[in-house]
Structure formats: structure tokens, C-alpha cells
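Trainee: Please walk me through this one. I would like to learn how to read its features.

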Amino acid sequence: MKNYKTGTSTWTYGDPCHYENGKPMNILLGPCPECGTPCFDYGGGWRCNSLSCSKSVNNPSCDLGNLPTWWTEPINVYLDGNSWCATYDDFEDLQISPAGFGDSPKEAIENLKELMKMYPDVVDNK
Ligand SMILES: [Zn+2]
């Protein structure tokens with residue numbers, strides 16, 4: 001299973017969470033597209049574990065849409081200073097590996113995907 005290390009949290013996709021009477025009620029999914037906090041499955045959809053996030057269970061809107069597809073892609077997001085950075089699992093360094101940046105994980109992912117569209121041969125081992 002995929003391991004995440006965002007700079008603020010470390011977890012594994014699919015790990016149990018939110019125990020009630022010793023039984024896990026949910027499983028952890030990918031980083032919140034908005035704030036990077038671990039998300040979890042919720043009524044067929046997903047929610048962010050940060051209660052101050054607009055994608056938390058406090059959000060009265062019941063559908064946040066499908067699970068972000070990048071959660072199951074070989075992509076990592078993490079805080080780099082004040083920015084979110086998105087890289088592929090085989091990232092080595094900024095000189096030779098593509099990296100996307102943004103104010104949120106979602107923006108960093110979009111930036112990385114945009115980069116890959118403009119320079120499809122930037123990574124020739126994909
Ligand atoms: Zn969030």
C-alpha cells in the first residue's frame with residue numbers, strides 16, 4: 001500500500017482509523033486536495049480529517065465528488081517551505097525530476113500534470 005509523508009503527517013493508504021469500541025470505523029485515504037491532511041472514507045465518498053477544513057465532516061454538502069485519481073497514482077505531495085510540492089515516486093532532485101508547486105496539494109498536482117503535458121519527454125522512463 002502507498003505510504004504518504006506530507007511534512008505534517010505520515011500514514012499508509014488503507015490503514016484503519018477512527019476507532020469506536022476498539023473497532024476501526026474508517027480507513028485512511030490520500031492527502032486532502034485543499035490542506036494535505038489525511039482523508040478517510042465517508043459514506044461512499046471521502047472527507048478530510050481536519051475539522052477546520054471545508055472538506056471535513058462539518059461540511060454540510062454531502063458529496064465532495066469522486067476520490068481524487070492521483071491518490072492511487074505514484075505521486076507524492078509534501079510541504080516544501082510554504083508551498084506544496086508534487087513529485088513522482090522516482091523523484092531524485094529538482095535538477096532532473098519534474099516537480100509541481102502550488103498553494104495546495106491540488107494546485108501542486110495540477111502544476112505537475114501541466115508540466116508533464118508540456119514536456120512529455122522530461123521523464124523518459126515512465
Ligand atoms: Zn482538508
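Trainee: Where is the place of Asn21?

Mentor: Asn21 sits in the loop between β3 and β4. Strands are DSSP runs of E with at least two residues, and helices are runs of H or I with at least four, both numbered from the N terminus. Two ground rules before we go on. Residues are numbered from 1 along each chain as its sequence is written. The model is predicted, so local features need pLDDT of at least 70 and side-chain atom pairs count only at pLDDT 80 or more, while totals for chains, interfaces and linings use all residues.

Trainee: What is the phi of Asn21, and is the residue buried or exposed?

Mentor: Phi of Asn21 is near 55°, a positive value in a residue other than glycine. Burial is a neighbour count: buried means 20 or more other C-beta atoms within 10 Å of the residue's own, exposed means 12 or fewer, and partly exposed lies in between, with C-beta atoms placed from the backbone. Asn21 has 5 such neighbours within 10 Å, so it is exposed.

Trainee: Which residue in strand β3 has a positive phi although it is not a glycine?

Mentor: His18, at about 55°. His18 lies in strand β3. It counts as partly exposed because it has 14 C-beta neighbours inside 10 Å.

Trainee: How do I read the pairing of β3 and β4?

Mentor: Two strands pair if DSSP finds at least two bridges between them. Here β3 (residues 16–20) and β4 (residues 23–31) run antiparallel and are joined by four bridges. Tyr19 stands opposite Pro24 in β4. The two strands form a hairpin with two residues between them.

Trainee: Which strand pairs with β4 over two bridges?

Mentor: Strand β5 (residues 38–42), again in the antiparallel sense. Pro31 stands opposite Pro38 in β5. This hairpin has six residues between the strands, and Gly36 there takes a positive phi near 85°.

Trainee: How many helices and strands does the protein chain have?

Mentor: One helix and nine strands. In sequence order the pattern is β-β-β-β-β-β-β-β-β-α.

Trainee: Which residues make up the largest nonpolar core?

Mentor: A nonpolar core is a set of buried Ala, Val, Leu, Ile, Met, Phe, Trp, Tyr and Cys residues joined through C-beta atoms within 7 Å. The largest has nine residues: Trp70, Ile75, Val77, Trp84, Cys85, Ala86, Ala108, Ile109 and Leu112. β7 (75–80), β8 (83–88) and α1 (105–118) each supply at least two of them. A second, separate core of eight residues includes Leu28, Leu29, Phe40 and Trp46.

Trainee: What does Trp84 touch?

Mentor: Contact means C-beta atoms, placed from the backbone, within 7 Å. Leaving out residues up to four places away in sequence, Trp84 touches several residues, among them Gly36, Val77, Phe101, Pro105 and Ala108.

Trainee: How is the protein chain divided into domains?

Mentor: Domain bounds come from an automatic or database domain assignment. Domain 1 covers 1–68 and domain 2 covers 73–126. The contact takes 10 residues from domain 1 and eight from domain 2. Their C-alpha centres lie 22 Å apart.

Trainee: What radius of gyration does the protein chain have?

Mentor: The radius is taken over C-alpha atoms, and the globule rule is 2.2 Å times the number of residues to the power 0.38. The protein chain has 15 Å, which agrees with the value near 14 Å for a compact globule of 126 residues. Its C-alpha atoms fill a box of roughly 50 × 25 × 25 Å along the principal axes. Buried residues make up 25% of the 126.

Methods: Two residues are in contact if their C-beta atoms, placed from the backbone, lie within 7 Å.
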